[in-house]
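Let's take a walk through a protein together, one step after another. Keep the sequence and the 3D view side by side as you read.

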Amino acid sequence: MRSEIELDAEDCRALLARGVVGRLAFWAYDGPRIHPVNYAVVGDAVVVRTTPTSGLARLAREEPGATVAFEVDGIDHADQHGWSVQARGPLAEVTDPDELAEVERTRPPRTWAPGERTVLVRLRWTELTGRQLGTGWDATRTEGYGRVT
């Protein structure tokens with residue numbers, strides 16, 4: 001029997017915070033893009049490091065406040081269940097020294113990709129939604145991958 005359960009904001013935030021890699025969708029100077037990114041949750045925002053010349057950095061600098069979307073999920077292919085959380089909101093480059101220090105102090109995003117990623121961008125969500133698929137389990141209580149602290 002299949003089921004779909006809407007996750008409340010608290011569960012969405014908990015699942016989002018324990019993730020490591022997600023996808024950031026945005027409209028770049030040359031059209032739509034979806035980038036897989038390492039991220040961290042700080043307060044009510046998803047933060048990502050990127051290169052100064054990336055489409056993401058360019059968008060944050062040239063169109064601060066542009067709406068972007070972020071998605072992270074957990075899937076169990078064998079048991080055919082999983083969860084997905086989406087965050088939407090304005091994108092901005094983080095330049096304030098106090099905010100940069102807070103990110104570094106609390107949960108800095110760790111990049112896996114090579115190259116110097118010196119630009120920190122933030123999606124402060126205005127919408128946070130999620131769903132769980134499958135029966136007989138709870139996405140927020142299931143062990144799985146997570147951030148290494």
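## A walk from pocket to strands

The residues that line the largest pocket fall into three groups: six are nonpolar, six are polar and two are charged. What you are looking at is a predicted model, so please keep that in mind as we go. The lining has 14 residues in total, and P36, V37, R49, A113 and R117 are the ones nearest the pocket's centre. The space inside comes to about 190 Å³. Which strand gives the most to this lining? It is strand 3, with four residues. Strand 3 and strand 5, residues 45-50, each supply at least two residues of the lining.

Now step back and take in the whole chain. It holds three helices and nine strands. Starting from the N terminus, you meet them in the order β-α-β-β-β-β-α-β-β-α-β-β. Of the 149 residues in the chain, 40% are buried.

Strand 7 is a good place to pause, and you can find it at residues 81-93. Strand 6, residues 67-76, pairs with strand 7 in the antiparallel sense, and 10 bridges join the two. Within this pairing, I75 faces G82 of strand 7. The hairpin of strand 6 and strand 7 has four residues between the strands, and Q80 there takes a positive phi near 55 degrees.

Strand 7 has further partners. With strand 8, residues 119-124, it pairs in the antiparallel sense over three bridges; here L91 has L123 of strand 8 as its bridge partner. Strand 9, residues 127-133, also runs antiparallel to strand 7, with seven bridges between them. Along that pairing, Q86 stands opposite T129, and R88 stands opposite E127.

Let's stay with R88 for a moment, a residue of strand 7. Is R88 buried, exposed or partly exposed? Its relative accessibility is 42%, so R88 counts as partly exposed; the label covers values between 20% and 50%. R88 also shows how folding brings together parts of a sequence: R88 and A25 are 63 residues apart along the chain, while their C-alpha atoms are 9.5 Å apart in space.

Strand 9 has a pattern you can follow by eye. Its side chains alternate, with L128, G130 and Q132 pointing to one face, where they are buried. E127, T129, R131 and L133 point to the other face and are not buried. Strand 9 also pairs with strand 1, residues 4-6, in the antiparallel sense over three bridges, and E6 has R131 as its bridge partner there.

Our last stop is the rings. How many aromatic pairs does a search of the whole structure find? The search finds one. The pair is made by Y39 and F70, which meet edge-to-face, at 4.7 Å centre to centre and with 65 degrees between the planes. The angle is over 60 degrees, so the pair counts as edge-to-face. These two rings link distant parts of the chain: Y39 sits in the loop between strand 3 and strand 4, F70 sits in strand 6, and 31 residues separate them. Both Y39 and F70 are buried. Another ring, that of Y29, has a different kind of neighbour: R58 lies over its face, at 3.9 Å from the ring centre.

Notes
Residues are numbered from 1 along each chain as its sequence is written. This is a predicted model: local features need pLDDT of at least 70, side-chain atom pairs count only at pLDDT 80 or more; totals for chains, interfaces and linings use all residues. Side-chain values use heavy atoms; hydrogens and water are left out. Two strands pair if DSSP finds at least two bridges between them. Rings of Phe, Tyr and Trp (its six-membered ring) pair if their centres lie within 6.5 Å; planes under 30 degrees apart count as stacked, over 60 as edge-to-face and the rest as tilted. Buried means under 20% relative accessible area, exposed over 50%, partly exposed in between (1.4 Å probe, protein chains only). A charge sits over a ring if NZ of Lys or CZ of Arg is within 6 Å of the ring centre and within 35 degrees of the ring normal. On a 1 Å grid over the protein atoms alone, a cavity is a set of points where a 1.4 Å probe fits but cannot get out, and a pocket is an open set with protein on both sides within 12 Å along at least five of seven lines; lining residues have an atom within 4 Å of a point. Grid points are joined across faces, edges and corners, and a volume is the space filled by probe spheres set on the points. Ala, Val, Leu, Ile, Met, Phe, Trp, Tyr, Cys and Pro count as nonpolar, Asp, Glu, Lys and Arg as charged, and the others, Gly among them, as polar.
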